[in-house]
Amino acid sequence: MAPNDLRSPLSRRPDHGFVANISIGEPAVYQLVLIDTDYTWSRGIVSEDTLHFITSDNEVESVPNVAFGCGTYNYGDEFGYEYSGILGLGPSEASVMTQIGYQFSYCIGHIKDINDSYSHLIIGDEARLEGDSTPLEIFNSSYYAMLDGIRMGEKLIADKKVFSSQPKDGGGVLFDTGSPVTYLHKEALELLSAEIKSYMKAGNIQQVPEIKTGGLLCFEGRVSEDLENFTEVIFHFSGGADLAVGPDALFDQSRQRVFCMTILPTSANMSILDHEAENLTIIGISAMQDYNFGFDIKEKLVYVEDVDCKTLSDYD
């Protein structure tokens with residue numbers, strides 16, 4: 001019988017994603033498994049065995065009779081190198097998540113701090129479902145939410161009309177722990193970029209010519225010094241949930257005196273182009289820092305909570 005509370009710490013990947021320690025079978029064969037929710041996939045055969053999860057207190061929680069795939073053809077750069085599989089958290093009956101329970105939550109700490117060990121994943125009845133919620137739609141085996149707008153400080157940058165496309169029409173919002181950056185469709189990104197450029201110009205922060213940055217929006221300076229008073233960019237979700245992204249998450253210090261925005265056009269994501277979804281928004285792992293996301297599949301809600309992951313962890 002599946003446990004009510006399966007809690008596992010997450011380890012940071014070099015590209016700001018996360019992995020978990022899971023083992024399979026009796027005797028156990030240990031694996032380092034990538035946590036992902038979207039465009040990584042595998043083709044092979046289906047098997048069934050006992051999965052062993054290393055929990056937050058370094059104990060082993062075993063879940064018998066779990067169906068999983070044995071990949072013979074895998075799509076994703078990590079396969080065959082450091083990581084040996086994917087822990088899928090999708091809504092299908094074949095997902096490990098739905099075999100254990102219909103709720104899961106994950107808290108993302110400071111991805112640039114190698115000593116931050118408080119990010120964690122909970123699957124089952126004890127998943128943390130706190131904060132404001134936004135409706136969840138399941139379409140093509142993925143979880144979608146909807147945006148009502150984007151605000152920068154007190155100014156509404158993009159309203160609900162900008163994000164009116166539904167998932168069936170190639171729109172909606174995905175939360176993707178496997179993506180280090182966030183993706184916005186062209187109109188929304190142009191509106192946000194224009195406001196950020198205006199803010200930087202008013203503060204005498206020089207933009208780096210895009211011909212030198214490969215099209216990225218970059219500026220001269222240091223995030224820690226030049227953006228101390230930078231206002232948050234707030235993603236407003238339907239139902240009242242907000243995700244506030246500060247300068248440390250919105251920009252990456254790519255060079256000693258150059259920082260770049262961690263939001264790209266959806267068209268830059270080749271996986272999205274394959275799915276003909278250029279109006280899609282993807283919230284990447286950088287924007288998720290210092291937030292807990294709780295998914296209730298039966299009630300079709302996503303909870304978004306601004307919280308320090310350290311306060312939620314039972315392993316110090």
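This dialogue goes through one helix, two sheets and the disulfides of the structure above.

Visitor: What kind of model is this, and how are residues numbered?

Guide: This is a predicted model, in which local features need pLDDT of at least 70 and side-chain atom pairs count only at pLDDT 80 or more, while totals for chains, interfaces and linings use all residues. Residues are numbered from 1 along each chain as its sequence is written, and side-chain values use heavy atoms, with hydrogens and water left out.

Visitor: How many helices and strands are there in the protein chain?

Guide: Helices (H or I, at least four residues) and strands (E, at least two) are DSSP runs, numbered from the N terminus. The protein chain has six helices and 26 strands. Of its 316 residues, 52% are buried. Buried means under 20% relative accessible area, exposed means over 50%, and partly exposed is in between (1.4 Å probe, protein chains only).

Visitor: How do I read a helix such as α2, and which of its residues are buried?

Guide: An α-helix has 3.6 residues a turn, so residues three or four places apart point the same way. Helix α2 takes in residues 186-202, 17 residues, and reaches 24 Å from its first C-alpha to its last, close to the 24 Å expected at 1.5 Å a residue. The expected span is 1.5 Å times one less than the number of residues. The buried residues of α2 are A188, L189, L192, S193, E195, I196 and M200. They cover an arc of only 165° around the axis, which puts them on the same side of α2. That arc is taken from the directions from the helix axis to the C-beta atoms. On the other side of α2, K186, K201 and A202 are exposed. After α2 comes N204, with a positive phi near 60°.

Visitor: Which strands does α2 lie across?

Guide: Contact means heavy atoms within 4.5 Å. Axes are lines fitted to C-alpha atoms, for helices over the stretch in contact, and angles run from 0 to 180 degrees between N-to-C directions. α2 lies across β13 (147-152), β14 and β19, at about 135° to β14. α2 also lies across β17, β18, β21 and β22, at about 150° to β22.

Visitor: How do I read a sheet, and in what order do β14, β13, β19 and β20 stand?

Guide: Strands of a sheet pair through backbone hydrogen bonds, either parallel or antiparallel. Two strands are taken to pair if DSSP finds at least two bridges between them. Here four strands form an open sheet in the order β14-β13-β19-β20, with antiparallel pairing. β14 (155-158) and β20 (242-245) stand at the edges with a single partner strand each, so one side of each has no neighbour in the sheet. On average, neighbouring strands of this sheet are turned by 30° against each other, direction ignored. β19 (residues 233-237) and β20 pair over four bridges in the antiparallel sense. F235 has L243 in β20 as its bridge partner.

Visitor: Which strands form the sheet that contains β22?

Guide: This open sheet has four strands in the order β17-β18-β22-β21, and the pairing is antiparallel. β17 (207-208) and β21 are at its edges, each with a single partner strand, so one side of each is left without a neighbour. β17 and β18 pair over two bridges, and V208 has C218 in β18 as its bridge partner. Three bridges join β18 and β22, where F219 stands opposite F259. β21 (residues 251-255) is also joined to β22 by three bridges, and these two strands form a hairpin with two residues between them. Both faces of β22 are covered: V258 and C260 on one side, F259 and M261 on the other, are all buried.

Visitor: How many disulfides does the structure hold, and which cysteines form them?

Guide: A disulfide is a covalent bond between the sulfur atoms of two cysteines. Here the term is applied to a pair of cysteine sulfur atoms within 2.5 Å. The structure holds two disulfides. One joins C107 and C309, with sulfur atoms 2.1 Å apart. This pair links distant parts of the chain, 202 residues apart: C107 in strand β8 (residues 103-108) and C309 in helix α6 (residues 309-312). Both C107 and C309 are buried. C218 and C260 form a disulfide with an S to S distance of 1.9 Å. C218 lies in β18 (residues 218-220) and C260 in β22 (residues 258-261), so the pair ties together parts 42 residues apart in sequence.

Visitor: What is the handedness of each disulfide?

Guide: The torsion about the S-S bond of C107 and C309 is about -95°, so that disulfide is left-handed. For C218 and C260 the torsion is about 100°, so theirs is right-handed.
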